[in-house]
Amino acid sequence: MPGAMRVQRLFMVAVWILLLCPRGSPTSLGHALPVPLKDNDSPPSGSNTPGVIKDKPSLPAAPKSSHEDTDYYDDYLCTMDPLETPRSPQVPPQHCNYHHCRHLQVPCAELQKASGCLCPGITGPDVAPEVPHLQTIHVSEAGISLHWCAPSSSVERYQVTYQVVGEASASGPALNSTFRLATISGLLPDKQYLVCVVAYNRAGHSPTDEGQQEHGPCHLVHTPSHQMPYVYVAAGLAATLVLVVISALIWHFFIRRRKHLLHGSRDNILDGEPGLDGTTNSTFRSEEPL
């Protein structure tokens with residue numbers, strides 16, 4: 001009897017729980033289960049059910065042959081980059097052994113072609129050259145020696161011009177682009193000259209000035225006067241002095257010799273000894289002491 005009462009109470013609790021719970025839904029969202037669509041059917045408007053696209057059955061892919069795999073592998077190997085060997089760091093090119101002021105300097109373009117060195121920046125042959133820079137000038141009676149530095153330009157030749165200030169200009173011979181030294185001869189003495197160095201290329205020539213700049217293309221020089229009369233005077237004075245000295249020595253030697261001879265003859269006569277001719281004079285005797 002107690003067991004039947006316990007079963008009845010459990011049954012009543014179960015019925016009461018079922019009555020309190022809401023009626024179950026086919027899905028967790030409370031919507032009806034979707035109905036499978038037929039061909040050419042579309043989902044009803046307003047529904048969240050996505051449309052189902054019916055794919056046509058595809059044929060099974062044919063298995064790849066081992067030959068195709070081999071070709072693919074070969075193509076892959078061909079497209080792969082070979083392993084690069086490590087390269088040593090490249091040394092930057094050096095500057096050319098070129099100096100603007102060096103006499104008989106090889107043009108920098110030839111040095112660059114031979115060794116791949118770097119040349120200093122210069123203007124091309126289609127631009128008129130800049131002015132050369134006079135460095136030293138040596139003036140003598142024989143002429144004038146010049147030393148200059150090349151401009152930062154393409155030069156084909158040099159030419160030295162000179163003129164007496166206020167007179168017409170003259171030009172020396174053409175010098176090739178390697179020259180940095182030149183000599184001018186045949187100048188007049190005791191004159192002021194304007195000397196210039198001019199650079200030429202196919203575009204024109206460098207400008208000149210009045211010789212006022214310290215290292216410009218031109219310079220004013222004054223030639224020395226003739227020194228020959230002074231040389232002759234100095235030579236004459238030297239010769240006269242030599243003659244006077246020689247004459248004094250001869251006169252001194254002759255007088256001394258004469259005195260010695262006279263003194264020797266008088267002693268011989270007084271002592272009764274042979275004189276100059278080897279005979280004695282018996283008349284004269286030296287007095288005997290008392």
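What follows is a walk through a predicted model of the protein chain, from its overall make-up to one sheet, one pocket and a few loop residues.

Starting with the broad picture, the chain has 290 residues, and 17% of them count as buried. Its secondary structure adds up to four helices and eight strands. Going along the sequence, these elements come in the pattern α-α-α-β-β-β-β-β-β-β-β-α, with three helices ahead of the run of strands and a helix after it. As for how the chain packs against itself, take the contacts with a separation of 6 or more: 57% of these involve residues 24 or more positions apart.

Among the strands, β1, β2 and β5 make up an open sheet of three strands, in the order β1-β2-β5 and with antiparallel pairing. Strands β1 (133-139) and β5 sit at the edges with a single partner strand each, so one side of each has no neighbour in the sheet. On average, neighbouring strands here are turned by 20° against each other, if direction is ignored. As a general point, the strands of a sheet pair through backbone hydrogen bonds, and this can be parallel or antiparallel.

The β1 and β2 pair can be followed residue by residue. Strand β2 covers residues 143-149 and runs antiparallel to β1, with six bridges joining the two. The link between them is a hairpin of three residues. Across the pair, His133 stands opposite Cys149 in β2, while Thr136 has His147 of β2 as its bridge partner. In a regular strand, side chains alternate between the two faces of the sheet.

Next comes the second largest pocket, which has a volume of about 310 Å³. It is lined by 18 residues, and those closest to its centre are Tyr98, Pro107, Cys108, Ile122 and Ser153. Helix α3 (residues 108-115) gives the most to this lining, contributing three residues. Sorted by class, the lining of the second largest pocket has 11 nonpolar residues, six polar ones and one charged one.

Helix α3 also serves as a landmark for two loop residues. On one side is Leu104, found in the loop between α2 (66-79) and α3. The phi angle of Leu104 is near 55°, a positive value in a residue other than glycine. On the other side is Gly116, which has its place in the loop between α3 and β1. Gly116 has a relative accessible area of 42%, and because partly exposed covers the range between 20% and 50%, Gly116 falls in that class. Setting aside neighbours within four places in sequence, Gly116 touches Pro93 and Leu111, in the sense of being in contact with them. Gly116 and His95 are 21 residues apart in sequence, with 9.1 Å between their C-alpha atoms.

Asp190 is a further residue with an unusual-looking backbone entry in the list of angles: phi is near 55°, again positive in a residue other than glycine. Asp190 lies in the loop between β5 (181-185) and β6 (192-201), and β5 is one of the edge strands of the sheet described above. With a relative accessibility of 46%, Asp190 counts as partly exposed.

Key:
Residues numbered from 1 in each chain as written. Predicted model: local features only at pLDDT ≥ 70, side-chain atom pairs only at ≥ 80, totals over all residues. Heavy atoms only, no water. 1 Å grid on protein atoms, 1.4 Å probe; cavity = no way out; pocket = protein on both sides within 12 Å on 5 of 7 lines; lining within 4 Å. Points joined across faces, edges and corners; volume = space filled by probe spheres on them. Nonpolar A, V, L, I, M, F, W, Y, C, P; charged D, E, K, R; others polar. Buried < 20%, exposed > 50% of the residue type's maximum accessible area, 1.4 Å probe, protein only. Pairing = 2+ DSSP bridges. Axes fitted to C-alpha atoms, helices over the stretch in contact; angles between N-to-C directions. Contact = heavy atoms within 4.5 Å.
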